[in-house]
Each structure stands twice: as structure tokens, then as C-alpha cells.
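Biologist: Please take one part of this model and look at it closely. Start with any term you need, then give me the whole account in one go.

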Amino acid sequence: MSEPGRRIVIAFKLEGSSRDDGLVRFADFAAFIEGTLATLRAIERAETNQRHAKIEYRITQLEVSSAALAIEAVDTPQLRDTEHVVATRFAQGLAAVRDGLGEMAAFEPPVRDALARMLAPLRRGVRSITTNFGETEIAIVGRTDGLLTLVEFKEETAAVGSFSGSVDALNVHGDHFFYLYPAAGPTRIKCVFDAAMLGKVRDAVKRYTTVTGLIEYAEPSPFPQRIIVEDLESHPDPDTLPSMKSLWGKYPNLTRGLDAVAFIEQMRNA
Amino acid sequence: MPSRLFCWDAVTFTNFFNGGIDRTPEEISGIHEVMDMVDRHQARIVTSETVVGEVLEAAADLELLLKRPQFMKVSPSGPIITKVKDIRTATRAAVVHTPKFADATFIATAILYRAEALHTFDDRILRLSGLPSVDGLMICKPRGEQTMLGL
């Protein structure tokens with residue numbers, strides 16, 4: 001789908017319904033373009049774990065009469081690897097919508113929401129959306145099961161647990177919340193806290209922190225959607241924490257002469 | 001460029017802490033590759049929270065290490081447990097080694113957090129690498145060289 005070293009070009013073609021003689025309504029086309037950009041940016045934020053998307057796209061082809069559009073990522077050498085990751089993930093997202101909900105579980109809620117916006121015209125006057133990534137073509141025709149469930153299926157569960165990440169974007173107007181930016185997994189998690197914890201939260205801003213509380217999930221996403229904070233612990237400055245190199249081989253007798261695999265198995269059976 | 005993400009299981013952390021005394025020089029070299037990448041912020045490690053209970057006397061140091069921003073420990077909560085069940089059901093149906101709950105937790109964590117690979121030295125788990133019943137997850141001994149599949 002996306003090969004490092006080659007420029008990213010993504011081409012789209014929309015087909016309107018028969019009642020419009022195959023033409024695409026302008027409102028649907030506008031919604032599609034807006035949703036496409038939102039999806040690419042949501043994927044980039046998810047893949048890079050950054051708060052802001054940096055890749056810029058420009059139009060290389062636009063045919064309003066046949067609702068065809070092609071875009072390419074503006075060449076920015078330091079972003080080339082990210083561009084390929086985003087394009088690949090974008091293609092995987094479209095394929096997941098085409099093939100059904102199961103594959104959608106690996107996408108975060110913001111990406112799924114953006115995909116739902118991008119493909120919303122399929123629930124109105126657009127009959128099909130075809131996307132080309134080089135020689136790979138992904139055609140979504142009509143209301144696939146994946147599309148319908150993408151929009152409608154949300155089952156919420158909750159469990160007590162903890163999650164670590166950098167605290168940022170503190171809001172104290174109205175609801176008290178901040179965003180937690182983990183090292184892996186979801187791009188960010190909204191964390192709601194009681195006003196009494198404000199001092200502790202302020203101290204944690206910009207620091208890597210473990211938040212404990214009620215973690216809410218909106219399935220099928222495996223990632224927390226929201227945490228009701230019960231407590232939080234800011235981690236020490238990384239410079240004061242041991243590095244991997246400093247801990248390597250520190251416990252030569254850890255396995256008491258056993259192979260590590262046998263040792264772990266013995267521990268689990270003890 | 002996004003830093004790379006690996007998942008380490010309890011066996012790998014154990015070999016990290018005991019200096020790989022039961023490992024070959026090549027295997028130790030692979031651990032060092034990953035260590036160097038993590039210490040240079042070029043890679044992250046995700047693992048299951050359960051690992052803290054498996055390395056015994058090294059647990060306190062492991063907890064300190066996991067406080068570094070390059071590490072992420074994941075609670076074995078609802079979505080992970082659901083994935084563990086799926087993995088065990090799928091491997092059983094495929095008549096391949098069915099990982100025990102603890103091993104399946106690391107596999108589920110690697111899959112759901114989209115790690116590039118799960119690193120382990122357990123041959124039974126290594127044999128599951130790439131199989132559909134583990135969603136095609138790459139499972140290999142620790143190494144820092146390119147393991148991403150080209151698309």
C-alpha cells in the first residue's frame with residue numbers, strides 16, 4: 001500500500017446515487033473532504049503520539065464533475081516515514097470499514113469518529129467511495145456492516161485500574177479535567193477529577209504520571225475513553241530514574257540457576 | 001519518525017535482570033540492541049502490569065524502570081481479558097500451542113497496543129509468531145533491527 005521512498009498519493013472517486021444520475025451532491029463532497037482531512041490528522045496524532053498533526057496535503061487532481069480528487073503529502077524530509085505510516089493506517093481503516101467491524105477494534109475512537117464523518121455521505125446520496133493507494137484500490141459500496149457499526153456500535157464498560165502518561169491541557173472552567181498522553185496506545189485520555197485534587201493535578205502538569213481511578217472503555221476500542229481520577233502519582237524526573245543499561249544483569253541469581261523460561265513457569269505454578 | 005514499540009514479556013525482563021546468563025551471545029546482543037534504543041529514546045516498551053509480580057526481588061527496580069516515559073505498563077482489564085479469551089480460543093481451535101493465561105496476556109497487550117513485535121525467549125510462544133490466531137503478531141527474540149513488515 002505504501003512503500004518507503006515513494007511519494008504518497010491518495011486518490012478518491014465518489015459515485016452519486018442513480019436518482020442524481022450518478023452525480024455527487026456538493027454538500028456530500030464537502031463533508032467527505034472535511035472528513036478525509038480529519039481522518040488523516042487523527043491517524044497521524046494516534047501514530048506519532050503528538051498533539052498536533054504536522055503533515056500538509058495538497059490537491060494534485062480535482063474533477064468536480066466526476067467527484068474525483070487526488071492529494072499528496074507535501075514533501076517534508078523529516079516527516080517521510082510518518083507519511084507512509086499514516087497512509088498505510090488510513091488504508092487499513094478503509095479496508096476495515098469495507099470488511100466489517102472486527103478490524104475496527106484496533107482504531108482509536110477519534111480515528112473511528114473521523115472515519116465515520118468521512119464516510120457519512122455513503123449514508124446519504126453517495127453510492128460508493130473508491131480510494132486508490134498506488135496500485136491498491138479500496139472500494140466501499142453502500143452501507144456496509146462496517147460502516148453502520150462504525151457509527152452506531154458503542155458499548156461502554158468500566159474497570160478500576162491505572163494508566164500512565166504525560167499530563168497536559170488542564171481545564172478548570174466548568175468540569176475539571178486534563179488530558180493524559182500515554183507513551184503507547186491511545187493518543188490521549190480525558191481524565192475528570194474533583195476540584196479538591198486541583199493542587200496535585202497542577203503539580204503533575206507536563207510530568208509523566210500514573211493516574212488511578214475508574215477507567216471507562218467504549219468498546220470495541222481497547223483503549224480507555226475516560227478516567228474518573230481517584231488519585232495520581234507524578235513520576236520522578238527521568239534523569240533520576242535508572243536506565244536500562246544501569247539495571248542490566250543487576251540480579252545474576254534471580255532465576256536461582258534455572259533457565260528464565262523454566263523459572264517463570266515455576267513461579268506461576270507455585 | 002514515531003519511535004518503535006516493542007512488547008516484553010516476563011521471561012525477557014527476567015533475562016534482562018539476570019544478565020542473560022542462560023542466553024547465547026547473539027541473544028544477549030539482541031537485548032542490548034533494544035536497551036540502547038530505549039535509553040536513546042528511539043524505542044518504547046509496553047508490557048503487562050502482571051510482570052511486576054513475576055520478577056520477584058527485581059520488582060522494585062522494575063517498578064522504577066517502568067516509571068520512565070519510554071515504558072508503558074498495561075492493566076489486564078476488560079479489553080485485554082476479552083482479547084486473551086479470543087487468543088486462547090483461536091489457538092485451541094487451530095490446534096497449535098494454547099498459551100497459558102499469563103502468556104496470552106502479553107500477547108493480547110502486544111496486539112491491542114500495536115507493538116511491532118512481542119519479545120520472548122519461550123519457544124512455545126515463539127512458534128506462534130505470525131499465525132492468524134495471534135492476529136499475525138510478530139513474536140521473536142529481542143532485537144532492534146528492522147522487524148516491521150513492508151506494506
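Modeller: Two strands count as paired if DSSP finds at least two bridges between them. Keep in mind that this is a predicted model. In chain A, 6 bridges join β2(A) to strand β3 (residues 68-73), and the two run antiparallel. One of the partnerships is A:Y57 with A:A73 of β3(A). The pair belongs to an open sheet of 5 strands in chain A, ordered β2-β3-β1-β4-β5, with antiparallel pairing. Its edge strands are β2 (57-63) and β5 (136-141) of chain A, each paired on one side only. From one strand to the next, the twist averages 15°. Helix α2 (residues 80-99) of chain A lies across β1 (9-16), β3, β4 (126-133) and β5 of that chain. Against β5(A), this helix runs at about 40°.

Now the part I picked for the close look: helix α1 of chain B. It spans residues 10-17. Of its 8 residues, 8 are buried, so α1(B) is largely enclosed by the rest of the structure. The buried residues are B:A10, B:V11, B:T12, B:F13, B:T14, B:N15, B:F16 and B:F17. What encloses them comes from both chains. Chain A supplies α6 (244-247) and α7. Chain B supplies β1 (4-8), α2, α3 and β4 (117-119). After α1(B) comes B:G19, with a positive phi near 75°.

Take the partner α7(A) next. Two packed helices are described by the angle between their axes and the distance between the axes. The axes of α7 (residues 260-269) of chain A and α1(B) come within 9 Å and cross at roughly 120°. Angles of 65 to 115 degrees count as roughly perpendicular, and roughly antiparallel needs over 145. α7(A) and α1(B) are therefore oblique to each other. Their crossing is right-handed. On the α7(A) side, A:A260, A:V261, A:F263 and A:I264 make the contact. On the α1(B) side, B:A10, B:V11, B:T14 and B:N15 do so. By type, these residues split into 6 nonpolar, 2 polar and no charged.

Finally, the wider contact between the chains. Chain B puts in 42 residues and chain A 48. Elements of chain B that give two or more residues to this side include α2 (25-39), β2 (43-48), α4 (78-93) and α5 (101-112). α1(B) gives the most, with 6 residues. The side of chain B that touches chain A divides into 23 nonpolar, 9 polar and 10 charged residues.

Note on methods
Residues numbered from 1 in each chain as written. Chains lettered and ligands numbered in written order. Predicted model: local features only at pLDDT ≥ 70, side-chain atom pairs only at ≥ 80, totals over all residues. Axes fitted to C-alpha atoms, helices over the stretch in contact; angles between N-to-C directions. Helix = DSSP H or I, 4+ residues; strand = E, 2+ residues; numbered from the N terminus. Parallel < 35°, antiparallel > 145°, perpendicular 65-115°, else oblique. Left-handed = near helix turned anticlockwise from the far one by under 90°. Contact = placed C-beta atoms within 7 Å. Nonpolar A, V, L, I, M, F, W, Y, C, P; charged D, E, K, R; others polar. Buried ≥ 20, exposed ≤ 12 C-beta atoms within 10 Å, placed from the backbone.
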